[in-house]
Amino acid sequence: MALDPTGVVHTRWLQAGDRVVLYTDGVVERREESIDDGFRRLAVAAEDLGDLDPGEFSDALVEALVPGDQADDLAVLVVRYDATPSVALATSSPERPVHLR
């Protein structure tokens, strides 16, 4: 499947301690509920787990959201921004943001 290069790009400035959570549909989709319900469950669980380090956070998120009889595959990647300057981020500004893809 080819990626759609005309997709929407969002920019958001991260603050120290912010997390980015990437996940596959197996984490939020259930046959018996709407996808919006799955997104709400994810938001509530992520808020409740906010103080954990990324490894513990991803494990606890899967435990909280994925039923034991899950048949769909799933993946979770959690990154916590620690605000340590890097070459790429040091050259970023509101007028010239760095985009992650």
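Among the elements of this predicted protein model, helix α1, spanning residues 35-48, has the highest mean pLDDT, at 92, whereas helix α3, spanning residues 87-90, has the lowest, at 52. Across the protein the average pLDDT is 81, and 78% of the residues score at least 70. Where pLDDT is low, the predicted coordinates should not be read in detail.

**Second largest pocket**

- The second largest pocket holds about 190 Å³ of space, and its lining is made up of E29, R30, R31 and E32 together with P67, D69, Q70, A71 and D72.
- Sorted by class, the residues lining the second largest pocket comprise six charged, two nonpolar and one polar.

**Nonpolar surface patch**

- On the surface, L14, V20, L22, L77 and V79 form a nonpolar patch of about 390 Å², to which strands β1 (19-23) and β2 (76-80) are the elements that contribute two or more residues.
- One of the patch residues is V20, which is located in strand β1.

Notes. Residues are numbered from 1 along each chain as its sequence is written. This is a predicted model: local features need pLDDT of at least 70, side-chain atom pairs count only at pLDDT 80 or more; totals for chains, interfaces and linings use all residues. Side-chain values use heavy atoms; hydrogens and water are left out. pLDDT is the predictor's confidence in each residue, from 0 to 100. Helices (H or I, at least four residues) and strands (E, at least two) are DSSP runs, numbered from the N terminus. On a 1 Å grid over the protein atoms alone, a cavity is a set of points where a 1.4 Å probe fits but cannot get out, and a pocket is an open set with protein on both sides within 12 Å along at least five of seven lines; lining residues have an atom within 4 Å of a point. Grid points are joined across faces, edges and corners, and a volume is the space filled by probe spheres set on the points. Ala, Val, Leu, Ile, Met, Phe, Trp, Tyr, Cys and Pro count as nonpolar, Asp, Glu, Lys and Arg as charged, and the others, Gly among them, as polar. Patches are made of residues with over 30% relative accessible area and no salt bridge: like charges are joined within 9 Å, nonpolar side chains (Val, Leu, Ile, Met, Phe, Trp, Tyr) within 5 Å. Accessible areas come from the Shrake-Rupley method with a 1.4 Å probe; for residues, only the protein chains shown count as cover. A salt bridge is a side-chain nitrogen of Lys or Arg within 4 Å of a carboxyl oxygen of Asp or Glu.
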